[in-house]
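Grab a viewer and work through these exercises with the coordinates open. Each one sets a task and then walks through a solution.

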Amino acid sequence: MSDHYDAFEISPVPDPGPDAVAPELFRGIYGMPAFASIPTSDLAASVDFWTRGLGFFELFSIPGTLVHLRRWAFQDVLLVSAASVPAEAPAMSVSFACVLNQIDSLVEACRALSPDSVDGPRDTPWNTRDVEVVTPENARIVFTAAKPFDPASQEARNLEAMGITPPGGGRGDNEERA
């Protein structure tokens, strides 16, 4: 018996590619394996930015106290009423998966709501395109989309140098690390 479990079976994230389709917004109830709690001094303004700018929807709320937001399955955020929020965004960030064709519209929507809220998009050495958004609560949120894998790219060489077998290359060394 192996300790390795192919977690891709439960992930809502689609395979990378230019035609990757984002999963539907997930409205079901489940025990949340992880979530972010973000203090806000203005729940209405925060909900507006997160829904119109970042593509979340309101799953439920406790008026004046808390709003539970979600995008895909396992992408949960609790906006919690607070007397104040940090004056600056922390170095720490929370990342959410998206697909490449969502990047430009996300950037456009966030800039329409708050012109200076977006940094990027930028490509990473690990083969993603990322956009960083600082929300009205000064939370640093990163949306990250996997790019199609090119075995001849610098990103492929970066992954190989880390011991990561490319897609379609078999489990090989990765299975031993799992």
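**Exercise 1: Getting an overview**

What percentage of the 178 residues of the chain count as buried? Then list the secondary structure elements in order.

*Solution.* Keep in mind that this is a predicted model. Step one: of the 178 residues, 35% count as buried. Step two: the elements add up to 4 helices and 8 strands. Step three: reading from the N terminus, you get β-α-β-β-β-β-α-β-β-β-α-α. Step four: take the contacts between residues at least 6 apart in sequence; 57% of these join residues at least 24 apart.

**Exercise 2: Into the core**

Find which residues touch the most other members of the largest nonpolar core, and which element gives the largest share.

*Solution.* Start with the members: there are 26, and Trp50, Leu54 and Leu79 touch the most others. Next, sort by element: those giving two or more residues include β1 (36–40), α1 (43–53), β4 (76–81) and α2 (100–113). The largest share, 5 residues, belongs to α2. Now zoom in on Trp50: leaving out residues up to four places away in sequence, its contacts include Ile38, Leu69, Val77, Leu79, Phe96 and Ile141.

**Exercise 3: β1, one side chain at a time**

Work out which side chains of β1 are buried, and how β1 pairs with β4.

*Solution.* Walk along the strand and the side chains alternate: Ala36, Ile38 and Thr40 point to one face and are buried, while Ser37 and Pro39 point to the other and are not. For the pairing, β1 and β4 run parallel, joined by 5 bridges. To get your bearings, look for Val77 in β4, which stands opposite Ala36.

**Exercise 4: The open sheet**

Trace the 4-stranded open sheet and explain what sets its edge strands apart.

*Solution.* The strand order is β5-β8-β7-β6, with mixed pairing. Because β5 and β6 (118–123) stand at the edges with a single partner strand each, one side of each has no neighbour in the sheet. From one strand to the next, the twist averages 20°. Now check one pair: β7 and β8 are antiparallel, with 7 bridges, and Thr128 has Ala146 in β8 as its bridge partner. Finally, add the helix: α2 lies across β5, β6, β7 and β8, at about 20° to β7.

**Exercise 5: The sides of α3**

Decide which residues of helix α3 are buried and whether they share a side, then inspect both ends.

*Solution.* The buried ones in α3 (residues 154–161) are Glu155, Ala156 and Leu159. They span an arc of only 100° around the axis, so they sit on the same side of α3. Glu160 and Ala161, on the other side, are exposed. At the start of α3, a side-chain oxygen of Ser153 comes within 3.1 Å of the backbone nitrogen of Ala156. Just after α3, Gly163 has a positive phi of about 85°.

**Exercise 6: Backbone oddities**

Hunt for a cis peptide bond, then for positive phi at residues that aren't glycine.

*Solution.* The cis bond joins Gly120 and Pro121, with omega at about 15°, and Pro121 lies in strand β6. For positive phi, try Phe74, at about 70°, in the loop between β3 and β4. Phe74 is partly exposed, with a relative accessible area of 40%. Asn138 also has a positive phi, about 65°, and sits in the loop between β7 and β8. With a relative accessible area of 19%, Asn138 counts as buried, since the cut-off is under 20%.

Notes. Residues numbered from 1 in each chain as written. Predicted model: local features only at pLDDT ≥ 70, side-chain atom pairs only at ≥ 80, totals over all residues. Heavy atoms only, no water. Core = buried A, V, L, I, M, F, W, Y, C linked by side-chain atoms within 4.5 Å. Buried < 20%, exposed > 50% of the residue type's maximum accessible area, 1.4 Å probe, protein only. Contact = heavy atoms within 4.5 Å. Pairing = 2+ DSSP bridges. Axes fitted to C-alpha atoms, helices over the stretch in contact; angles between N-to-C directions. Arc of directions from axis to C-beta. Polar contact = N/O pair within 3.5 Å; in protein donor to acceptor, adjacent residues only side chain to side chain.
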